[in-house]
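Q: I'm new to this one and would like a close look at a single part. Please walk me through the salt bridges, and then show me what else is worth finding around them.

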Amino acid sequence: MANQEYQKLKIECDDLEWLYVPDEVYADYDGCKRCLQLFIPYRQKLAAEETFPLVLFIPGSAWYRQEVYNSLPAYSRLAERGIVTAILQFRESTIAPFPAQVEDAKAALRFLAARAEDYHIDTERIFIAGNSSGGHIALMTAFTEAQGIFDTPLYQETPCRIKGVIAQSTPSNIMKCAKEPLPPGFPENFRPTRDLLGVKEVLESPELAEAASCGKYISQAAELPPVLLFHGIDDVQVSVEHSRELFALLKGAGKDAAYYEIEGGGHGGAVFGTDRILDIMETFIKERRL
């Protein structure tokens with residue numbers, strides 16, 4: 001007798017999933033290994049020649065040691081949308097000062113481009129993104145890569161062009177960061193910009209602070225990739241004025257830039273992983289080709 005209790009379901013579902021590739025070493029500095037966490041879009045009948053855009057994402061950490069495993073489920077959501085997502089671990093400021101972090105990002109991008117076939121990466125759609133200090137590194141990487149500044153000898157044989165950059169809650173002006181008061185509850189000796197530059201006092205190193213700030217590399221003549229900015233209006237760790245000023249500089253120089261301020265948004269957090277934000281990011285990525 002047939003089972004009279006079972007029910008049939010008709011579900012429309014995209015068969016796209018993702019594969020997690022942990023701890024891919026892209027650089028080894030005398031035993032100091034730097035790794036990538038990779039999420040690769042996957043389906044059971046994935047053709048060998050099928051490729052996807054790549055986003056190299058840099059988590060925020062005040063340029064200190066990153067907790068790259070904390071938000072892995074959130075990063076996988078981009079892979080679910082058909083975007084190869086790599087999470088960068090860079091040399092933190094206590095190991096190597098600026099521009100080591102930018103050099104690591106460039107090395108990682110070239111490492112990924114060199115292995116594009118293995119990871120199903122479309123090398124004509126390579127993007128870089130980050131939040132907080134990670135957004136700063138992403139912007140600095142994209143802006144200086146186009147101008148041949150802060151290069152790295154690693155993987156020089158593999159060219160890599162950045163198609164666009166996405167930055168969230170970004171401290172784009174290092175001198176402004178150094179002058180701003182510490183957020184409530186932070187210890188008095190917490191001075192990330194000082195450690196980033198490797199100096200005792202940022203205010204006494206204006207040239208170095210300028211070299212580590214995004215605005216220095218923006219001009220009408222500079223070839224810069226498109227930029228997508230997000231910032232929470234109520235951010236008490238990195239003032240929203242950073243993104244407002246950066247956006248004004250970009251538009252004033254005639255660059256392709258878009259900026260979204262998040263009402264009620266603070267510094268990072270779950271709001272940046274909502275469907276609305278991911279929709280904007282996905283559109284930005286998938287609408288751009290070389």
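**Salt bridges and their surroundings**

A: Counting every Lys or Arg side-chain nitrogen within 4 Å of a carboxyl oxygen of Asp or Glu, you get 18 salt bridges. Keep in mind that this is a predicted model, where local features need pLDDT of at least 70 and side-chain atom pairs need 80 or more, while totals for chains, interfaces and linings take in all residues. Numbering starts from 1 along each chain as its sequence is written, and side-chain values use heavy atoms, with hydrogens and water left out.

Start with Glu-282 and Arg-81, whose side chains meet at 2.6 Å, N to O. Glu-282 is in helix 9 (residues 275–286), while Arg-81 sits in the loop between helix 1 (72–80) and strand 4 (84–88), so this pair ties together parts that are 201 residues apart in sequence. Helices (H or I, at least four residues) and strands (E, at least two) are DSSP runs, numbered from the N terminus. Arg-81 has 17% relative accessibility, so it counts as buried; the cut-offs are under 20% for buried and over 50% for exposed, with partly exposed in between (1.4 Å probe, protein chains only). The pair isn't on its own either: Arg-81 and Glu-282 belong to a network of salt bridges that also links Arg-77, Asp-275, Asp-279 and Lys-286.

Now move along to Glu-245 and Lys-176, which form a salt bridge at 3.1 Å, N to O. Here Glu-245 belongs to helix 8 (residues 241–252) and Lys-176 to helix 5 (residues 174–179), so parts 69 residues apart in sequence are tied together. Glu-245 counts as partly exposed because its relative accessibility is 34%.

Arg-244 has a partner of its own, Glu-261, at 2.5 Å, N to O. That pair joins helix 8, home of Arg-244, to strand 8 (residues 257–262), home of Glu-261, with their positions 17 residues apart in the chain. Arg-244 is partly exposed at 34% relative accessibility, and Glu-261 is partly exposed at 28%.

Next, look inside. Searching the whole structure turns up 1 cavity of 30 Å³ or more, a cavity being a set of points on a 1 Å grid over the protein atoms where a 1.4 Å probe fits but cannot get out. The volume is about 30 Å³. Around this cavity you'll find Lys-106, Leu-109, Arg-110, Glu-145, Cys-160 and Ile-162, lining residues being those with an atom within 4 Å of a point. That lining splits into 3 nonpolar residues, 3 charged and no polar ones.

Helix 2 (residues 100–114) gives the most to the lining, with 3 residues. Its 15 residues span 21 Å from first C-alpha to last, close to the 21 Å expected at 1.5 Å a residue. Of those 15 residues, 13 are buried, so helix 2 is largely enclosed by the rest of the structure.

Finally, a few backbone spots are worth a click. The peptide bond from Phe-98 to Pro-99 is cis, with omega near 10 degrees, and Pro-99 is in the loop between strand 4 and helix 2. Asp-30 isn't a glycine, yet its phi is positive, near 50 degrees. You'll find Asp-30 in the loop between strand 1 (17–29) and strand 2 (32–42), exposed with a relative accessible area of 85%. Tyr-155 also has a positive phi, near 55 degrees, in the loop between helix 4 (133–145) and strand 6 (164–168).

Notes: 1 Å grid on protein atoms, 1.4 Å probe; cavity = no way out; pocket = protein on both sides within 12 Å on 5 of 7 lines; lining within 4 Å. Points joined across faces, edges and corners; volume = space filled by probe spheres on them. Nonpolar A, V, L, I, M, F, W, Y, C, P; charged D, E, K, R; others polar. Expected span 1.5 Å × (residues − 1).
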